[in-house]
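Thanks for asking me to look this one over. My notes follow as numbered points, and I hope they are handy when you open the model.

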Amino acid sequence: MNRANGSGHMGRKLVLAVLLAVLCIGAAELAACRHFAPETYERIVAPVRQAAAAVADAGRAGLDAVGRFCLNTADLAGQAIQNATQQAADFWEELTAPPPSPPEPELTLPPEESLPPATEPPLTEVLEEDGKQLLTGGAVTVTYFCQSDETWAEQPYGTDTIGPYGCGPTAMAMAVASMTDTETDPAQMAAWAVDHGYWARRSGSYHSIVQGIAEDFGLEATAFTGRTPDELRRALHSKDMLVALMGKGHFTTGGHFILIRGMTLSGDVLVADPNSLERSLQTWDPQLILDELSSARDHGAPLWLLSAPSG
């Protein structure tokens, strides 16, 4: 076994020595050829030079390609880093931003021509129902009668007529018809007042007519001594009404019975004037009403609180 290994090793050395000798002889001959036969030398080495140039060109092209690849890769990496940075900034801004406000509701308005007129509804008005006139807006809807209505203006009130002298029975007819279930009118109430002694010749009615009619027709009438607007407001918050005997002023030049039937939200009062529907549709300063009350102080005058018995 050792002899075989030694023979192989000696053979390889011999081959290498022969190759080296060939290279040396070839190199010596090539050097001699270059000196003594330049043209032959050029023909021999030209293919080698061409191959070497091709290898060099290929190397340079490879280096250029690698360079361009590196540059492109760097550009792409830079762009990717920039995009990632922007996305991270956007995400952080979205994460830390306050919650959005709810959207404002969209308002849908009707066409201009369908909008209601820009006017406030009336505080009080007169309505026709079953042949009667009704005054609205107060604590009680009042059945309105006017003493100068042609239906009874010429009807007798004692030896006088209702038109110029019947404010008392007309005002009390409104109160009874509005606060009870009794059907009445100024002519019927005038006849009742005459029969019960409340007619005053050429002067209208005695002041006792208010309590007399109230007692006979199921109402309570008590003298109201309050003389301030606040006291009037408190009295009119319920379904009560007031009978007022007015002196000289906006309602009369002498003496005149009216009803105070309600109070507006602004604090003015509503009346039912038996001698004027126009005044009955106005609102009145409560202090003016108090200032123009009659100076009479008999039978509860000049101000009575009317109410229906409880229960």
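**Notes on the model**

Glu 183 is exposed, with 56% of relative accessible area. Please keep in mind throughout that this is a predicted model.

1. Let me stay with that residue for a moment. Which residue does Glu 183 form a salt bridge with? The partner is Lys 132, and the closest N and O atoms are 2.9 Å apart. Glu 183 sits in the loop between α4 (167–179) and α5 (186–195), while Lys 132 belongs to strand β2, so the pair ties together parts that are 51 residues apart in sequence. On the Lys 132 side, the relative accessible area is 31%, and the residue counts as partly exposed.

2. For the wider setting, the secondary structure of the chain comes to 9 helices and 13 strands. The chain has 311 residues, of which 34% count as buried. If you take the contacts between residues at least 6 apart in sequence, 59% of them join residues at least 24 apart.

3. The strand that carries Lys 132 takes us to an open sheet of 3 strands, in the order β1-β2-β3 and with antiparallel pairing. β1 (126–129) and β3 (142–144) each have a single partner strand, so one side of each is left without a neighbour in the sheet. From one strand to the next, the twist averages 40°. β1 and β2 (residues 132–135) run antiparallel and are joined by 4 bridges. Within this pair, Leu 127 stands opposite Leu 134 of β2.

4. Just a short stop at the loop between β2 and β3, where Thr 136 lies. Is Thr 136 buried or exposed? With a relative accessible area of 19%, Thr 136 is buried, since the cut-off for that class is under 20%. Leaving aside residues up to four places away in sequence, Thr 136 touches Leu 123, Thr 124, Glu 125, Leu 127 and Arg 261. Leu 127 is thus worth a second look, because β1 spans 126–129 and Leu 127 faces Leu 134 across the pairing.

5. Back to the charged pairs. Side chains of opposite charge can pair when their charged atoms come close. The count here comes to 4 salt bridges. One of them links Asp 230 with Arg 233, the closest N and O atoms being 2.7 Å apart. The two residues are 3 apart in helix α7 (residues 229–236), which means they are separated by about one helical turn. Asp 230 is partly exposed at a relative accessible area of 45%, and Arg 233 is partly exposed at 26%.

6. Another salt bridge joins Arg 279 to Asp 273, with the closest N and O atoms 2.6 Å apart. Are these two buried or exposed? Arg 279 is buried, with a relative accessible area of 18%. Asp 273 is buried as well, at 0% relative accessibility.

7. Turning to helix packing, α5 and helix α6 (residues 209–216) meet at an angle of about 105°, and their axes are 11 Å apart. That makes the two helices roughly perpendicular. On α5, the contact is made by Met 189, Trp 192 and Ala 193. On α6, Ile 209, Gly 212, Ile 213 and Asp 216 take part. By class, this contact has 5 nonpolar, 1 polar and 1 charged residues.

8. The other sheet I would point you to is an open one of 6 strands, in the order β8-β13-β9-β10-β11-β12, with antiparallel pairing. Which strands are at its edges? They are β8 (220–223) and β12 (283–284), and each pairs on one side only. Inside the order, strand β9 (residues 241–246) pairs with strand β10 (residues 256–263) in the antiparallel sense over 5 bridges. Leu 242 has Ile 260 of β10 as its bridge partner.

9. Finally, two helices from the points above meet this sheet. α7 packs on it and touches β9, β10, β11 (269–272) and β13, with a direction that makes about 75° with that of β10. α6 lies across β8, β9, β10 and β13 (303–307), and runs at about 150° to β8.

Terms used: Residues numbered from 1 in each chain as written. Predicted model: local features only at pLDDT ≥ 70, side-chain atom pairs only at ≥ 80, totals over all residues. Heavy atoms only, no water. Pairing = 2+ DSSP bridges. Axes fitted to C-alpha atoms, helices over the stretch in contact; angles between N-to-C directions. Salt bridge = Lys/Arg side-chain N within 4 Å of Asp/Glu carboxyl O. Buried < 20%, exposed > 50% of the residue type's maximum accessible area, 1.4 Å probe, protein only. Contact = heavy atoms within 4.5 Å. Parallel < 35°, antiparallel > 145°, perpendicular 65-115°, else oblique. Nonpolar A, V, L, I, M, F, W, Y, C, P; charged D, E, K, R; others polar.
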